[in-house]
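Reader: Before I accept any labels, I would like to see how each of them is justified. Could you show me the model and then take my questions in turn?

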Amino acid sequence: GGWYNKEANGMSLRDWFAGQATEKDIDAHQQYIRDSIGDAVPKYTREQAKYRYADAMIAARKATHPPTP
């Protein structure tokens, strides 16, 4: 576990970022695939898209604020 997995009051930073995801954030981290009749359907559930957003936020944070030893 890295610095971003530490829990405070039962919630990880990843959980917090996922909880802060707006509809626009969810849409931006959603992908669509074609079903058997050619309709576009979401590849991820809303919850999975929220955690994809959270993972992107953590990656951006790690890139600009590396963990201290």
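Author: What follows is a set of questions and answers on a predicted model.

Reader: What is the pattern of helices and strands along the sequence?

Author: The protein has three helices and two strands, and read from the start of the sequence they follow the order α-α-β-β-α.

Reader: Why is S12 called buried?

Author: The relative accessible area of S12 is 9%, and the label buried applies under 20%, so S12 is called buried. As for its place in the chain, S12 lies in the segment before α1, the helix of residues 13-20.

Reader: What makes the approach of the S12 side chain to the backbone nitrogen of D15 a polar contact?

Author: The side chain of S12 reaches that nitrogen of D15 at 3.0 Å, and the cut-off for a pair of N or O atoms is within 3.5 Å, so the distance satisfies the criterion.

Reader: How do you know that D55 and R14 form a salt bridge?

Author: The closest N and O atoms of D55 and R14 are 2.5 Å apart, and the rule asks for a side-chain nitrogen of Lys or Arg within 4 Å of a carboxyl oxygen of Asp or Glu, so the pair qualifies. This pair links distant parts of the chain, with D55 in helix α3 (residues 46-64) and R14 in helix α1, 41 residues apart.

Reader: Why are D55 and R14 called partly exposed rather than buried or exposed?

Author: D55 has a relative accessible area of 36% and R14 has 31%; since partly exposed covers values between the 20% limit for buried and the 50% limit for exposed, that label follows for D55 and for R14.

Reader: How many salt bridges does the rule give, and what makes E23 and R46 one of them?

Author: The count comes to two. For E23 and R46 the closest N and O atoms are 2.8 Å apart, and because the limit is within 4 Å, this pair is counted as a salt bridge. E23 lies in helix α2 (residues 23-28) and R46 in helix α3, so the pair ties together parts that are 23 residues apart in sequence. Both residues are partly exposed, E23 at 47% and R46 at 38%.

Reader: What share of the residues in the protein is buried?

Author: Buried residues make up 17% of the 69 residues, and the protein exposes about 5,200 Å², of which carbon and sulfur atoms supply 52%.

Note on methods: Residues are numbered from 1 along each chain as its sequence is written. This is a predicted model: local features need pLDDT of at least 70, side-chain atom pairs count only at pLDDT 80 or more; totals for chains, interfaces and linings use all residues. Side-chain values use heavy atoms; hydrogens and water are left out. Helices (H or I, at least four residues) and strands (E, at least two) are DSSP runs, numbered from the N terminus. Buried means under 20% relative accessible area, exposed over 50%, partly exposed in between (1.4 Å probe, protein chains only). A polar contact is a pair of N or O atoms within 3.5 Å; within protein, one must be able to donate a hydrogen and the other to accept it, and residues adjacent in sequence count only if both atoms are side-chain atoms. Accessible areas come from the Shrake-Rupley method with a 1.4 Å probe; for residues, only the protein chains shown count as cover.
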